[in-house]
Amino acid sequence: MIIATDLDGTLLSNSTSVSRENLDAVKRLYKNGISTVIATGRTFFEIPQELLECKYIDYIIYSNGAAVYKRGKGVIYSSYFEPQTAYGVFRILNNAKTFIELYAKGIPIVDSAKFNERGFARYRIDPDYLPEIRRSRKPIDDLESVIRHPGLELEMFDVFFRDMQERAECRHRINVCFPNLQITTSMSNNLEIMNKGVNKGTGLKNLCRLCGIDVGEVVAVGDSKNDIELLKVARYGFAVANACPELKAVSDGVICSNEENIMCCLEEFVGKKVLV
């Protein structure tokens, strides 16, 4: 049995920290034969160190399912962009007023000219997200040269828009020009672009297939639209109290908020032996 949890707005508090109560619950669950799997839209590099170092977490699904990591083995599954497709998407996005993040080889790469307080305000990046952006992004002077590099191994685009009409237009153009891609979102003004078939749900399926885990014994929890497929794949899918309406609509129930130690809530649920 495993519990697959999103990070931002779910396992992480609003301050993007992991509570001691959650970590202790992960340990107790592990010792009772229940593994915790991280399923995040973040890159590998952005995952909090205490989770990377936690010996009670063996698997991480990151970049919205574009890659799966197993402790002790590294990346066991990946789905990268074709180079021509990556450049075509970049050209569409770069012609709009956008803050583009390239998730490549587990690292978020950004344009150094926009990586400043003025840029954060211009592209309306959520203030709660800024500490993580300041900490983890790798600024590059020439983003176009990066996207043209044949060995980029691009996992996904995460793009913030200043203008919502341009966001809608870019989404439409990418859908029309690149039917081999799919788009989701986790914030009010962003787009997350991956290869078609790549999402947290398929990431979970790939993990289970490669590691011999029965997907019918999975409990999942999240808060955003990019968690919908994750909840649909799991036998039981829960939304946190602070989740978006779309996720609550497809969930099996609503549990506590991300400020109330979700792993303790799930530990109580599993303890009732609902999964048989």
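**Helix pairs, aromatic rings and one buried strand residue**

Let me begin with helix H4, residues 83-94, and helix H8, residues 164-177, which pack at an angle of about 160° with their axes 10 Å apart; the axes are lines fitted to C-alpha atoms, for helices over the stretch in contact, and angles run from 0 to 180 degrees between N-to-C directions. That makes H4 roughly antiparallel to H8, given that angles over 145 degrees count as roughly antiparallel, those under 35 as roughly parallel, 65 to 115 as roughly perpendicular and the rest as oblique.

Before going further, I should say that this is a predicted model, in which local features need pLDDT of at least 70 and side-chain atom pairs count only at pLDDT 80 or more, while totals for chains, interfaces and linings use all residues. Residues are numbered from 1 along each chain as its sequence is written, and side-chain values use heavy atoms, with hydrogens and water left out. Helices (H or I, at least four residues) and strands (E, at least two) are DSSP runs, numbered from the N terminus.

Returning to the first pair, Val89, Ile92 and Leu93 in H4 meet Cys170, Arg173 and Ile174 in H8, where contact means heavy atoms within 4.5 Å. By class, this contact of H4 with H8 has 5 nonpolar, no polar and 1 charged residues, with Ala, Val, Leu, Ile, Met, Phe, Trp, Tyr, Cys and Pro counted as nonpolar, Asp, Glu, Lys and Arg as charged, and the others, Gly among them, as polar.

The second pair is helix H2, residues 20-31, with helix H12, residues 262-271, packed at about 30° with axes 7 Å apart, which makes H2 roughly parallel to H12. The contact of H2 with H12 has 6 nonpolar, 1 polar and 3 charged residues.

Now to the rings: a search of the whole structure finds 11 aromatic pairs, a pair being rings of Phe, Tyr and Trp (its six-membered ring) with centres within 6.5 Å, stacked if the planes are under 30 degrees apart, edge-to-face if over 60, and tilted otherwise. Phe44 and Tyr69 have ring centres 4.7 Å apart and planes at 50°, so the pair is tilted. Phe44 is partly exposed at 23% relative accessible area, whereas Tyr69, at 18%, counts as buried; buried means under 20%, exposed over 50%, and partly exposed in between (1.4 Å probe, protein chains only).

Finally, where does Ala239 sit? Ala239 is in strand S13, residues 236-239, and counts as buried at 0% relative accessibility.
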